[in-house]
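Here are a few exercises to work through with the viewer open. Try each task yourself before you read the solution.

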Amino acid sequence: FRICPNPATGLCTMQLPATGEAFSAAVFDITGGEVLRLFSKQQISTFNFGTASLAAGVYFIKVTNGTGKVSVVKLVKE
């Protein structure tokens, strides 16, 4: 999956593979703590989210598919 724009200043778009399976996603800080739950068990290929609640820094977005496979992308908030 991919996130754009990255580095982020406001609204971001997450693009997921159009596989028809359900995904869950959350944002984690540099220490591994979850700071924002994006969605849970949804069949989507595009998701928009705001970064206004996040302080400037480095975050990781973790996406899990229905079979438990995990993918992680780094997100920089300016």
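**Exercise 1. Prolines in a loop**

Find where Pro 7 sits, then look at the peptide bond that leads into it.

*Solution.* Start with the location: Pro 7 is in the loop between S1 and S2. Keep in mind that you're looking at a predicted model. Next, check omega for the bond from Asn 6 to Pro 7: it is near 15°, and the bond is cis. Now step back to Pro 5, in the loop between strand S1 (2–4) and S2. The bond joining Cys 4 and Pro 5 is cis as well, with omega about -5°.

**Exercise 2. Cysteines**

How many disulfides does a search of the whole structure find? Work out what keeps Cys 4 and Cys 12 from forming one.

*Solution.* The search gives 0 disulfides. For Cys 4, the nearest cysteine sulfur belongs to Cys 12 and is 7.8 Å away. A disulfide needs the two sulfur atoms within 2.5 Å, so the 7.8 Å between the sulfurs of Cys 12 and Cys 4 is too far for a bond. Then compare their surroundings: Cys 4 is partly exposed at 26% relative accessible area, while Cys 12 is buried at 0%.

**Exercise 3. Strand S3 and its partners**

Which strands pair with S3, and in what sense do they run?

*Solution.* Take S4 first. S3 and S4 pair in the antiparallel sense over 5 bridges, and Val 27 stands opposite Leu 36 in S4. The two strands make a hairpin with 4 residues between them, and Gly 32 in the turn has a positive phi of about 95°.

Now go to S6. Here 7 bridges join S3 to S6, again running antiparallel. As an example, Ala 25 has Val 63 in S6 as its bridge partner.

Finally, ask how enclosed S3 is. Since 6 of its 7 residues are buried, S3 is largely enclosed by the rest of the structure.

**Exercise 4. A buried serine and a positive phi**

Is Ser 24 buried or exposed? Follow its side chain to a backbone partner and describe that partner.

*Solution.* Ser 24 belongs to strand S3 (residues 23–29). Its relative accessible area is 15%, under the 20% cut-off, so Ser 24 counts as buried. A polar atom of the Ser 24 side chain lies 2.9 Å from the backbone nitrogen of Lys 41. Leaving out residues up to four places away in sequence, Ser 24 touches Phe 39, Ser 40, Lys 41, Lys 62, Val 63 and Thr 64.

On to Lys 41, which is found in strand S4. It isn't a glycine, yet its phi is positive, about 50°. Lys 41 is also exposed, at 68% relative accessible area.

**Exercise 5. The nonpolar core**

Which residues of the largest nonpolar core touch the most other members?

*Solution.* That core has 18 residues, and the ones to pick out are Ile 3, Met 14, Leu 38, Phe 39, Phe 49, Ile 61 and Leu 75. Next, list the elements that give two or more residues to this core: strand S2 (11–15), S3, strand S4 (34–42), strand S5 (46–50), strand S6 (57–65) and strand S7 (70–77). To see one member up close, select Met 14: beyond four places in sequence, its contacts include Ile 3, Ala 25, Leu 38, Phe 39, Phe 49, Ile 61 and Val 63.

**Exercise 6. A buried threonine in a loop**

Where is Thr 51, and which residues is it in contact with beyond four places in sequence?

*Solution.* Thr 51 is in the loop between S5 and S6. Even so, Thr 51 is buried, with a relative accessible area of 0%. Its contacts, leaving aside neighbours within four places, are Ala 8, Thr 9, Gly 10, Cys 12, Leu 75 and Lys 77. For a C-alpha check, use Leu 11: Thr 51 and Leu 11 are 40 residues apart in sequence and 6.2 Å apart in space.

**Exercise 7. Salt bridges**

How many salt bridges are there, and which side chains meet?

*Solution.* The count comes to 1 salt bridge. The side chains involved are those of Glu 34 and Arg 37, at 3.1 Å from N to O. To finish, check accessibility: Glu 34 is partly exposed at 40%, and Arg 37 is partly exposed at 48%.

Technical notes:
Residues numbered from 1 in each chain as written. Predicted model: local features only at pLDDT ≥ 70, side-chain atom pairs only at ≥ 80, totals over all residues. Heavy atoms only, no water. Buried < 20%, exposed > 50% of the residue type's maximum accessible area, 1.4 Å probe, protein only. Polar contact = N/O pair within 3.5 Å; in protein donor to acceptor, adjacent residues only side chain to side chain. Contact = heavy atoms within 4.5 Å. Core = buried A, V, L, I, M, F, W, Y, C linked by side-chain atoms within 4.5 Å. Pairing = 2+ DSSP bridges. Salt bridge = Lys/Arg side-chain N within 4 Å of Asp/Glu carboxyl O.
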